[in-house]
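Here's a quick briefing to read with the model open beside you. Keep the sequence handy too.

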Amino acid sequence: MFSHVTVGADDLPQAAAFYDAVLGEIGMTQRMVEPDGGPDARCWVRPEAPYPRFYVYQPFDGAPAHGGNGAMLAFIAPSRVAVDAAHAQGLLHGGTDAGAPGPRAHYAPDYYGAYLRDPSGNKIHIVHRAEFWDDLTDRSTR
């Protein structure tokens, strides 16, 4: 559905350390970003698929980066253990807790997630849903 999603950060090395730690726990890796004349950026993908991509950029307009009110990005995790590990890594790498890991049965019976704010204030959600993960991995092997 998405080609890519972007958030802003003033301190790219700090953001990269945060996202390497968090997204590494759910199987995403950082890839090289070719300079295109725009601001510096970092990018993460799943090794088996070039898209969708997740980017962190220094804001193009030069204004300070900040999280959007009501904006949140959710990343699918392969297991509950991966949700727990991603949340813990986020806290160790400058993030703040926005909702501890645990079941969220009000969303779905198998929904398990955690919420974080990255060092720039962007809200992210790490979620595991067994049925969704099974469907996602089945499609990637076809």
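What follows is a short tour, from the overall fold down to a few single residues.

Bear in mind that this is a predicted model. The chain has 3 helices and 8 strands, and going along the sequence they come in the pattern β-α-β-β-β-β-α-β-β-β-α. Much of the story below is about a 4-stranded open sheet and about helices α1 and α2, which pack against it.

**Overall shape**

- The chain's radius of gyration is 15 Å, which agrees with the value near 14 Å for a compact globule of 142 residues, so the chain fits that picture.
- If you want rough dimensions, the C-alpha trace spans about 45 × 35 × 25 Å along its principal axes.
- Buried residues make up 37% of the 142 in the chain.
- About 7,900 Å² of the chain is exposed, and 55% of that comes from carbon and sulfur atoms.
- Take the contacts between residues at least 6 apart in sequence: 55% of them join residues at least 24 apart.

**The sheet**

- Reading across the open sheet, the strand order is β5-β8-β7-β6, and the pairing is mixed.
- Strands β5 (73-76) and β6 (96-103) sit at the edges, each pairing on one side only.
- From one strand to the next, the twist averages 20°.
- In the middle of that order, β7 (residues 111-117) and β8 (residues 123-129) run antiparallel and are joined by 7 bridges.
- If you'd like a pair to click on, Tyr112 has His128 in β8 as its bridge partner.

**Helices on the sheet**

- Helix α1 (residues 12-24) packs on the sheet and touches β5, β7 and β8, with its direction at about 10° to that of β8.
- Helix α2 (residues 80-92) lies across β6, β7 and β8, and runs at about 10° to β7.

**Ile126, a buried residue in β8**

- Ile126 is part of strand β8, and it counts as buried because its relative accessibility is 1%, with the cut-off for buried being under 20%.
- Who does Ile126 touch, once neighbours within four places in sequence are left aside? The answer is Val22, Ile26, Phe75, Ala77, Val83, Ala86, Tyr112, Gly113 and Ala114.
- One of those contacts is Ile26; Ile126 and Ile26 are 100 residues apart in sequence, yet their C-alpha atoms are 8.6 Å apart in space.

**Asn122, a buried residue in a loop**

- Asn122 is found in the loop between β7 and β8.
- Is Asn122 buried or exposed? At 7% relative accessibility it counts as buried, because that value is under the 20% cut-off.
- The Asn122 side chain reaches the backbone oxygen of Gly8 at 3.0 Å.
- Not counting residues up to four places away in sequence, Asn122 touches Val7, Gly8, Tyr19, His66, Gly67, Leu116 and Arg117.

**A cis peptide bond**

- Look at the link between Tyr51 and Pro52: the peptide bond there is cis, with omega about -5°.
- Pro52 belongs to strand β4 (residues 49-57).

Terms used. Residues numbered from 1 in each chain as written. Predicted model: local features only at pLDDT ≥ 70, side-chain atom pairs only at ≥ 80, totals over all residues. Heavy atoms only, no water. Pairing = 2+ DSSP bridges. Helix = DSSP H or I, 4+ residues; strand = E, 2+ residues; numbered from the N terminus. Axes fitted to C-alpha atoms, helices over the stretch in contact; angles between N-to-C directions. Contact = heavy atoms within 4.5 Å. Rg over C-alpha atoms; globule rule 2.2 N^0.38 Å. Buried < 20%, exposed > 50% of the residue type's maximum accessible area, 1.4 Å probe, protein only. Areas by Shrake-Rupley, 256 points an atom, 1.4 Å probe, with all protein chains shown as cover. Polar contact = N/O pair within 3.5 Å; in protein donor to acceptor, adjacent residues only side chain to side chain.
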